[in-house]
Amino acid sequence: MQKIFQGTTDTDISPKGKKQLEFLSKRFQNINIDKAYSSPLIRAKKTAFAAIEGKNMGVTERPMLCELSGGIVEGKPFRETFDAMPELREVWDNRPQDFAPEGGESMRHAYERIWNETLSLARENQGKTIIASTHGGCLRLLHCRLFFHDIERLVEVPWSENTAVTLVEFDNALTPTVVFFNDTSHLPEELRSSFKTQEAEK
């Protein structure tokens with residue numbers, strides 16, 4: 001199986017992803033949710049709908065939760081692309097904050113986009129519990145902002161497993177507190193990759 005740079009390509013979930021969503025649904029079964037939001041891409045929307053299954057509510061699409069566009073690398077295998085463009089591999093591996101593929105969205109732009117959208121959702125839903133379903137690239141950037149407040153440290157931030165859950169609480173001043181992140185405790189071992197649950201540092 002080749003790892004593909006999916007970006008904004010609207011691909012469906014895989015068979016493994018479908019099984020992961022079944023366990024995600026069970027995790028949220030007894031959790032009260034006031035509102036659910038999602039990227040417009042089908043893989044994110046299916047994730048949001050799994051989390052609110054049986055709750056008699058819908059999902060509001062938010063374009064700013066969409067994954068980064070890969071431009072010239074969109075829809076292509078990582079290995080094939082980086083073998084052909086070693087200079088791009090060097091940036092991706094060592095300076096991901098500077099990743100800006102031709103025709104796509106730069107990491108720096110997406111870093112600001114996902115943070116501004118997170119603040120907007122928090123501002124619109126003060127005192128409520130919401131779900132926001134987004135993508136791996138966006139989550140990595142959000143975690144970088146939450147923990148380091150500095151995109152230059154993006155290389156230190158791990159990727160998220162599919163259906164991993166991050167819980168962030170915002171106070172009235174919109175100051176965030178990370179309760180936990182990249183939590184995949186709802187998944188059986190055979191449905192996890194090498195990613196592990198990360199507890200927020202005190």
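**Charge balance, overall fold and selected residues**

The protein chain carries 26 positive and 30 negative side chains. The centres of these two sets lie 4 Å apart. The model is a predicted one. All residues enter the totals for the chain, whereas local features are given only where pLDDT is at least 70.

The chain contains six helices and six strands. Read from the N terminus, the order of elements is α-β-α-β-α-α-α-β-α-β-β-β. The C-alpha trace spans about 50 × 40 × 30 Å along its principal axes. The radius of gyration is 17 Å. A compact globule of 202 residues would have a value near 17 Å, so the chain agrees with that expectation.

Burial and contacts were examined next. Of the 202 residues, 44% count as buried. The accessible surface of the chain comes to about 11,100 Å². Carbon and sulfur atoms account for 49% of that surface. Contacts between residues at least 6 apart in sequence were also sorted by separation. Among these, 64% join residues at least 24 apart.

Helix H4 covers residues 86-94. Its buried residues are Leu88, Val91 and Trp92. These residues lie on the same side of H4, because they cover an arc of only 95° around the axis. Pro86 and Glu87 are on the other side of H4, and both are exposed. The cover over the buried residues of H4 includes helix H3 (78-84) and helix H5 (107-124).

Beyond H5, the chain enters a loop that leads to strand E3 (130-133). Asn125 lies in this loop. Its relative accessibility is 5%, so Asn125 counts as buried; the cut-off for that class is under 20%. Neighbours within four places in sequence were set aside for its contacts. On that basis, Asn125 is in contact with Lys35, Tyr37 and Ile130.

Two asparagines have a positive phi. Phi of Asn56 is near 55°, a positive value in a residue other than glycine. Asn182 likewise is not a glycine, and its phi is positive at about 55°. Their settings can be described in turn. Asn56 lies in the loop between helix H2 (42-51) and strand E2 (59-61). Asn182 lies in strand E5, which covers residues 176-183. Asn56 has a relative accessible area of 79% and is therefore exposed; exposed residues are those over 50%. Asn182 has a relative accessible area of 3% and is therefore buried. Along the chain, Asn182 and Thr166 are 16 residues apart. In space, the C-alpha atoms of Asn182 and Thr166 are separated by 5.6 Å.

Ser193 is found further along, in the loop between E5 and strand E6 (198-199). Ser193 counts as partly exposed, because its relative accessibility is 28%. Ser193 and Tyr37 are 156 residues apart in sequence. Their C-alpha atoms are 26 Å apart in space. Tyr37 is also one of the residues in contact with Asn125.

Towards the N terminus, Ile13 sits in the segment before helix H1 (15-27). At 24% relative accessibility, Ile13 counts as partly exposed. Setting aside neighbours within four places in sequence, Ile13 is in contact with Lys18, Leu21, Arg43 and Lys46. The C-alpha atoms of Ile13 and Glu124 are separated by 30 Å. Along the chain, Ile13 and Glu124 are 111 residues apart.

Definitions and conventions:
Residues numbered from 1 in each chain as written. Predicted model: local features only at pLDDT ≥ 70, side-chain atom pairs only at ≥ 80, totals over all residues. Heavy atoms only, no water. Buried < 20%, exposed > 50% of the residue type's maximum accessible area, 1.4 Å probe, protein only. Helix = DSSP H or I, 4+ residues; strand = E, 2+ residues; numbered from the N terminus. Arc of directions from axis to C-beta. Contact = heavy atoms within 4.5 Å. Rg over C-alpha atoms; globule rule 2.2 N^0.38 Å. Areas by Shrake-Rupley, 256 points an atom, 1.4 Å probe, with all protein chains shown as cover. Lys, Arg positive; Asp, Glu negative; His and termini not counted. Charge placed at Lys NZ, Arg CZ, Asp CG, Glu CD.
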